[in-house]
Amino acid sequence: MYPAEETITSQPYSVFSKSYKRVMVIIVTINSIFLFMSYNTYSPALDAIRQSFNTTVENVNLTITAYSLLQGIAPLICGPFADTWGRRPVLLIIFIIYIGSGIGLALVSSFEAFVVLRMIQAFGSGPVISIGAGVIGDIATAEERGGFFGVVTGGLMFSSVFGIFIGGTITYTLSWRWIFWVLALAGILSFLMTYILLPETLRSLVGNGSGYANPTPLQWLTRRQKSTFFLCRGMPNPLKQLQGILEPDSVLCAISSAAHYVTISCVQVSAATLLPQQYKLNPFQTGLAFLAMGGGGTFGSLAAGRILDYDFRTTAKQFNSVVEKGKIPVDFPIYRARLRSSWIQTILMQLALVAYGWCAYLHVHLAIILVLFFIVGFVALSMYTVFQTLVVDLFPEKSASVTAVNSFVRCGLAAAGVAAVEPCIQTMGIGWTFTLTGLLLAINNLTMIILVKYGPRWRKKRMDGI
């Protein structure tokens with residue numbers, strides 16, 4: 001086994017060049033886009049699937065709940081394995097699961113089998129974000145980590161919103177079954193890119209990248225060395241490993257990140273009814289309207305990455321801190337550095353939510369709704385990037401596992417929010433529903449205050465215990 005980077009003081013944090021790091025980030029981003037598109041491309045085909053299997057709307061909606069559940073649970077299981085066996089073997093295994101389930105869904109003839117295969121597909125797609133976060137945590141120093149996460153989060157937003165448009169187009173022009181053929185093909189491309197181009201990065205196996213484990217074909221041809229088979233590295237206990245990262249600061253980060261992400265899901269669900277009924281948009285036009293939210297989310301995540309890197313450097317100068325070899329000192333104010341500019345974003349989100357609710361109630365011009373879509377997408381994904389970067393800063397050696405916790409909380413709250421938003425609109429009206437949502441998000445701001453005030457104490461206690 002290769003020593004972790006922190007014990008190698010004479011070598012750089014990562015041996016990979018800046019350009020190759022970008023290639024690896026692009027691969028992680030494409031994987032996230034391809035695999036997470038399976039959730040959103042599916043939505044426009046719900047009615048066609050219902051008719052194809054001659055079932056009820058409630059049964060078809062059950063497939064969404066089941067998918068969300070497995071997508072949240074899968075990272076909790078796979079994250080610890082990726083932190084033990086390595087990133088490459090776990091990624092390749094889940095790609096095989098994803099490809100096989102996609103082909104099965106394209107050919108399935110019974111609704112019961114369809115539900116089971118969708119759950120298997122969710123298991124194959126769910127861990128890709130947490131393992132991708134692990135890769136970035138392995139190769140990126142704290143100074144550049146925010147920018148890399150911004151790119152990946154932008155890809156997720158692209159997948160989230162543009163997937164709806166793509167799924168609708170495929171369903172309308174071909175058939176709902178072609179959605180799963182396309183997703184299976186995307187899974188094959190991800191498998192090939194990862195197998196050929198993405199080297200092992202887990203620091204406990206390869207240190208700063210100079211070690212040798214789970215080799216790519218090129219690495220094997222170059223060195224001609226045997227690598228320990230990943231199953232021989234032992235079987236991790238997911239529950240035991242997750243207990244080590246269920247700290248107060250990681251839980252607060254997960255809750256705050258999920259709270260901002262849930263808001264965009266609630267807006268999307270409400271808009272799916274609002275746009276056709278109130279603004280008389282057809283499905284194609286509705287898909288185009290969602291592009292405003294997608295554009296805002298993509299731009300927001302990329303901007304957040306730049307801001308995070310800038311804030312980190314600024315904070316380091318203010319406190320005369322030196323971050324050597326990518327290792328953040330115990331006394332470095334990492335919470336203040338990462339949350340330094342977040343107050344502006346979260347207040348903007350609260351105002352946009354309230355404005356959206358009352359603008360929808362007052363039937364204002366569609367252009368104003370689209371501007372609010374852009375703002376909601378911008379802030380939701382930028383805040384997701386902020387907290388994703390922070391938790392990896394706090395647990396760099398368990399980045400896949402800690403991101404899995406974030407994913408689980410995000411999926412759970414998103415499912416609850418989506419289930420609650422329509423009944424709330426029917427009971428209180430859309431104006432008061434999103435006023436309440438904005439107020440709840442304002443209360444959530446307390447998590448950031450607590451993190452800045454008490455986080456350093458928790459982190460020091462944790463680091464002193466290592």
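**Exercise 1. Find the helix that holds R145, and decide whether R145 is buried or exposed.**

Step 1. R145 sits in helix α7, which covers residues 142–173. Helices here are DSSP runs of H or I with at least four residues, strands are E runs of at least two, and both are numbered from the N terminus. Residue numbers start from 1 along each chain as its sequence is written. Please keep in mind that this is a predicted model, where local features need pLDDT of at least 70, side-chain atom pairs count only at pLDDT 80 or more, and totals for chains, interfaces and linings use all residues; side-chain values use heavy atoms, with hydrogens and water left out.

Step 2. R145 counts as buried because its relative accessibility is 2%. Buried means under 20% relative accessible area, exposed over 50%, and partly exposed in between, with a 1.4 Å probe and protein chains only.

Step 3. Now look around the residue. Setting aside neighbours within four places in sequence, R145 is in contact with Y13, I136, G137, A140, D309, R338, T389, V392 and D393. Contact means heavy atoms within 4.5 Å. The C-alpha atoms of R145 and L390 are 9.4 Å apart, although 245 residues separate the two along the chain.

**Exercise 2. Describe how α4 and α8 pack.**

Step 1. Two packed helices are described by the angle between their axes and the distance between the axes. For α4 (residues 87–107) and α8 (residues 176–197), the axes come within 8 Å and cross at roughly 160°. That makes α4 roughly antiparallel to α8. Axes are lines fitted to C-alpha atoms, for helices over the stretch in contact, with angles from 0 to 180 degrees between N-to-C directions. Angles under 35 degrees count as roughly parallel, over 145 as roughly antiparallel, 65 to 115 as roughly perpendicular, and the rest as oblique.

Step 2. The α4 and α8 crossing is left-handed, meaning the near helix is turned anticlockwise from the far one by less than a right angle; clockwise would be right-handed.

Step 3. On the α4 side the contact includes R88, L91 and F95, and on the α8 side W176, R177 and F180 are among the residues met. By class, the contact of α4 with α8 has 18 nonpolar, four polar and two charged residues. Ala, Val, Leu, Ile, Met, Phe, Trp, Tyr, Cys and Pro count as nonpolar, Asp, Glu, Lys and Arg as charged, and the others, Gly among them, as polar.

**Exercise 3. Work out how α1 packs on α8, and which classes of residue make the contact.**

Step 1. Helix α1 (residues 18–40) meets α8 at an angle of about 160°, and their axes are 9 Å apart. The two are therefore roughly antiparallel to each other.

Step 2. The crossing of α1 and α8 is left-handed. Residues making the contact include I27, F34 and L35 of α1, together with L183, A186 and M193 of α8.

Step 3. The contact of α1 with α8 counts eleven nonpolar, four polar and no charged residues.

**Exercise 4. Place G438 in the structure.**

Step 1. G438 belongs to helix α18 (residues 430–464). With a relative accessible area of 4%, G438 is buried.

Step 2. Not counting residues up to four places away in sequence, G438 touches Q350 and L353. The C-alpha atoms of G438 and V354 are separated by 6.0 Å, with their positions 84 residues apart along the chain.
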